[in-house]
Amino acid sequence: MILGLVQWMQPVHGYDVRRELQSWQVEEWANVAPGSIYHALRKLAEDGLLEEVATEQVGARPARTTYRVTDKGELEFQELLRRFWWGYQQPIDPFLAGFGFLPALPRREAVAALRNRARLLRAGVDNLRFSLGSEWMRQTKPAHVAWMFELQIARLEAEIAWCERIAARIEGGAELFPEGMARWNEATPPFDEK
């Protein structure tokens, strides 16, 4: 992400890269923490993928280093870009680890948790829809940024529907295991009955 943004905005200093990444909300979907951007820029420069163009200091503010992509960095960016476009990597989702232990929850709690997840995801959809309809999006972002938001909305809506379907199945008495295997953990009361 950082190498690509420098390539796109060059010459650019870290503050502008950070501000652009934050406007894309990358901390939510790309595991890029705002605080790690300056370290990543220095590391990319150490690895010869970026080069420092200038360093300036205005008043008592910290010095700002401006970067641009080297030839080596351009090759690396093109290789990474195509790897992400043409390949597929399963996203890491900690929820799946928890869901793998569904039988450890009482039915009522599992239903409540799934419906709560759907509620939280709906709030995310509402936020993305608001951003899509904003002047900020229309006036300051290229069309593909809005398309990325649309993809996130579609994924969230699919998961919302799945949460509701599974909650309804569990509530309706669906069994998880074939006859004779382990059953639901009904010995532990749900969180709202403790």
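Biologist: Before we look for empty space, which elements do the buried residues of α4 pack against?

Modeller: The buried residues of α4 pack against α1, α2, β2 (50–56) and β3, and I should say at once that this is a predicted model. The buried residues in question are Ile37, Ala40, Leu41 and Leu44. Because they cover an arc of only 100 degrees around the axis, these residues sit on the same side of α4.

Biologist: Which residues are exposed on the other side of α4, and what follows the helix?

Modeller: His39 and Glu46 are exposed on the other side of α4. After the helix comes Gly48, which has a positive phi, near 80 degrees.

Biologist: Which residues does Ile2 touch, if I set aside those up to four places away in sequence?

Modeller: With those set aside, Ile2 touches Val17, Leu21, Val32, Ile37, Ala40, Leu41 and Leu44, and four of the residues just mentioned, Ile37, Ala40, Leu41 and Leu44, are the buried ones of α4. Ile2 also belongs to the largest nonpolar core, which has 38 residues, and is listed with Val17, Leu21, Val6 and Leu50 as having the most contacts inside that core. At least two residues of this core come from each of α1, α2, α4, β3, α7 and α9, while the largest share, 10 residues, comes from α9.

Biologist: Now to the empty space: how is a pocket found, and what is the volume of the largest one here?

Modeller: In general, a probe the size of a water molecule is rolled over the atoms, and this shows where empty space is left. In this model the largest pocket has a volume of about 2,700 Å³. Its lining consists of 47 residues, and Met1, Trp29, Ala30, Met148 and Arg155 lie nearest the centre of the pocket. Two or more lining residues are given by each of α1 (2–9), α3 (26–29), α4 (37–46), α5 (71–86), α6 (94–99), α7 (107–132) and α9 (143–171).

Biologist: Which element gives the most to that lining, and how do the lining residues divide by character?

Modeller: The element that gives the most is α9, with 8 residues. By character, the lining of the largest pocket divides into 28 nonpolar, 10 polar and 9 charged residues.

Biologist: What can be said of the second largest pocket?

Modeller: The second largest pocket has a volume of about 290 Å³, and of the 15 residues that line it, Tyr38, Pro62, Ala63, Arg64 and Thr65 are the closest to its centre. At least two lining residues are supplied by each of α2 (14–23), α4 and β3 (64–69), and the lining divides into 7 nonpolar, 4 polar and 4 charged residues.

Biologist: Where is Glu27 placed, and is Glu27 buried, partly exposed or exposed?

Modeller: Glu27 is placed in helix α3. Because its relative accessible area is 38%, Glu27 counts as partly exposed. Apart from neighbours within four places in sequence, Glu27 is in contact with Leu21, Gln22, Val32 and Pro34. From Pro106, by contrast, Glu27 is 79 residues apart in sequence and 33 Å apart in space, C-alpha to C-alpha.

Biologist: Which residues does a cis peptide bond join, and where does Pro11 lie?

Modeller: The cis peptide bond joins Gln10 and Pro11, with omega at about -10 degrees, and Pro11 lies in the loop between α1 and β1 (12–13).

Technical notes:
Residues numbered from 1 in each chain as written. Predicted model: local features only at pLDDT ≥ 70, side-chain atom pairs only at ≥ 80, totals over all residues. Heavy atoms only, no water. 1 Å grid on protein atoms, 1.4 Å probe; cavity = no way out; pocket = protein on both sides within 12 Å on 5 of 7 lines; lining within 4 Å. Points joined across faces, edges and corners; volume = space filled by probe spheres on them. Nonpolar A, V, L, I, M, F, W, Y, C, P; charged D, E, K, R; others polar. Core = buried A, V, L, I, M, F, W, Y, C linked by side-chain atoms within 4.5 Å. Buried < 20%, exposed > 50% of the residue type's maximum accessible area, 1.4 Å probe, protein only. Contact = heavy atoms within 4.5 Å. Arc of directions from axis to C-beta.
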